[in-house]
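Thanks for coming, everyone. I'd like to walk you through a structure that's new to most of you, so have a look at it first and then we'll talk it through.

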Amino acid sequence: MDTVMHLLQFTDSTFPVGTFSFSNGLETAAYERVVHDARTLEEYTRAVAMQAAFSDGVAALLAHRAALTGDYEAVVKTDRQIMLFKMNDEARMMLQRMGKKLAELGIRLFPGNELIARWLKDIEAGITPGSYPVAQGIVFALAGLNEEQLYASHQYGVINMVLSAALRCVRVSHYDTQESLFRLSAEVPALYERARTMTFEDMNSFVPQMDIMASLHEKGNMRMFMN
């Protein structure tokens, strides 16, 4: 039961890593009328989830496996590799800010653990970026959660981040977002089956619309979110 409780804690929307500050480009998509109702919101959220599934999600799995074996060099390699996939500054900022927050929280949750202590020290020294997927992989491993639970939590977080942001900038209701969350969550097991066998060479994240939205957001006047 304790692992289930940890899973609920790490997946909760109030988990203090700063997800409320980001929209994964939704703010600009709404402003440009790319997303304007429940249907287009679900399509956009699915695109975000697919992008994360085979990039950030794979990095989280690889970091989890490295943490379980105590392979610190593999943790750092994964951290650097996932940052190479991010073409825009806002995506990198999001991963690094959330990653560092989770690393700082991890120090408190797992006092005395050498791996996460070393990783946070290297983040602060600028030796490694400190990305959120890698932080998730480490924390889930230390909490005794398996990689299926990690992947489900990661994808849930990505989907819920967009849908929660939509309540502030798209004309949709809580009923709309919960229906979309239910449908999109049902697609995660199939994504995991593909992602679990992927290596660095297999990772992909080709959704150019996201980078276009990010470039518009960086110069935009309307900003409720950091991205």
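Let's start with A103, which sits in helix α6. Keep in mind as we go that this is a predicted model. Is A103 buried or exposed? Its relative accessibility is 0%, so A103 counts as buried. And which residues does A103 touch, if we skip those up to four places away in sequence? The answer is I116, W119, L120 and I123. If you'd like a sense of distance, pick out A30: it is 73 residues away from A103 in sequence, and the two C-alphas are 32 Å apart in space.

Now L102, which is also a residue of helix α6. L102 comes out at 3% relative accessibility, and therefore it counts as buried too. Leaving out neighbours within four places in sequence, L102 is in contact with F15, V17, Y132, A135, Q136 and V139. We met L120 a moment ago as a contact of A103. From L102, L120 is 18 residues off in sequence, with 9.6 Å between the C-alphas.

Some of those L102 partners bring us to helix α8. In α8, 10 of the 11 residues are buried, so you can call this helix mostly covered. The buried ones are Y132, P133, V134, A135, Q136, G137, I138, V139, F140 and A141. So what do the buried residues of α8 pack against? They pack against α1, α4, α5, α6, α7 and α9. For those of you following along on the screen, α4 runs over 56-69, α5 over 72-84 and α7 over 114-124. Just after α8 you'll find G144, with a positive phi of about 80°.

While we're on backbone angles, there's another one to look at. R33 has a positive phi of about 70°, and R33 is not a glycine. Why point that out? Because most residues other than glycine have a negative phi. Where is R33? Look in the loop between α2, which is 26-31, and α3. R33 has 56% relative accessibility, so it counts as exposed.

Over to helix α9, where we find S164. With a relative accessible area of 29%, S164 is partly exposed. In sequence S164 is 147 residues from V17, yet in space their C-alphas are 15 Å apart. V17, you'll remember, was one of the contacts of L102.

Next, the largest pocket. Its volume is about 750 Å³. How many residues line the largest pocket? There are 43 of them, and N24, V48, M94, V158 and M161 lie nearest the centre. Several helices give at least two residues each to this lining: α1 (2-11), α3 (38-53), α6 (89-109), α8 (132-142), α9 (147-169) and α12 (208-218). Which helix gives the largest share? That would be α9, with nine residues. As for chemistry, the lining has 22 nonpolar residues, 15 polar ones and six charged ones.

Let's zoom out to the whole protein. We've been naming a lot of helices, and the full count is 12 helices and zero strands. Read along the sequence, the pattern is simply α, over and over, from start to finish. The C-alpha trace spans about 50 × 40 × 35 Å along its principal axes. A compact globule of 227 residues would have a radius of gyration near 17 Å, and the protein has 17 Å, so the two agree.

What about the split between inside and outside? Buried residues make up 52% of the 227 residues. The protein exposes about 11200 Å², and 55% of that area comes from carbon and sulfur atoms. Finally, take the contacts between residues at least 6 apart in sequence: 79% of those join residues at least 24 apart.

That's my tour, so let's go back to the picture for questions.

Notes:
Residues numbered from 1 in each chain as written. Predicted model: local features only at pLDDT ≥ 70, side-chain atom pairs only at ≥ 80, totals over all residues. Heavy atoms only, no water. 1 Å grid on protein atoms, 1.4 Å probe; cavity = no way out; pocket = protein on both sides within 12 Å on 5 of 7 lines; lining within 4 Å. Points joined across faces, edges and corners; volume = space filled by probe spheres on them. Helix = DSSP H or I, 4+ residues; strand = E, 2+ residues; numbered from the N terminus. Nonpolar A, V, L, I, M, F, W, Y, C, P; charged D, E, K, R; others polar. Rg over C-alpha atoms; globule rule 2.2 N^0.38 Å. Buried < 20%, exposed > 50% of the residue type's maximum accessible area, 1.4 Å probe, protein only. Contact = heavy atoms within 4.5 Å. Areas by Shrake-Rupley, 256 points an atom, 1.4 Å probe, with all protein chains shown as cover.
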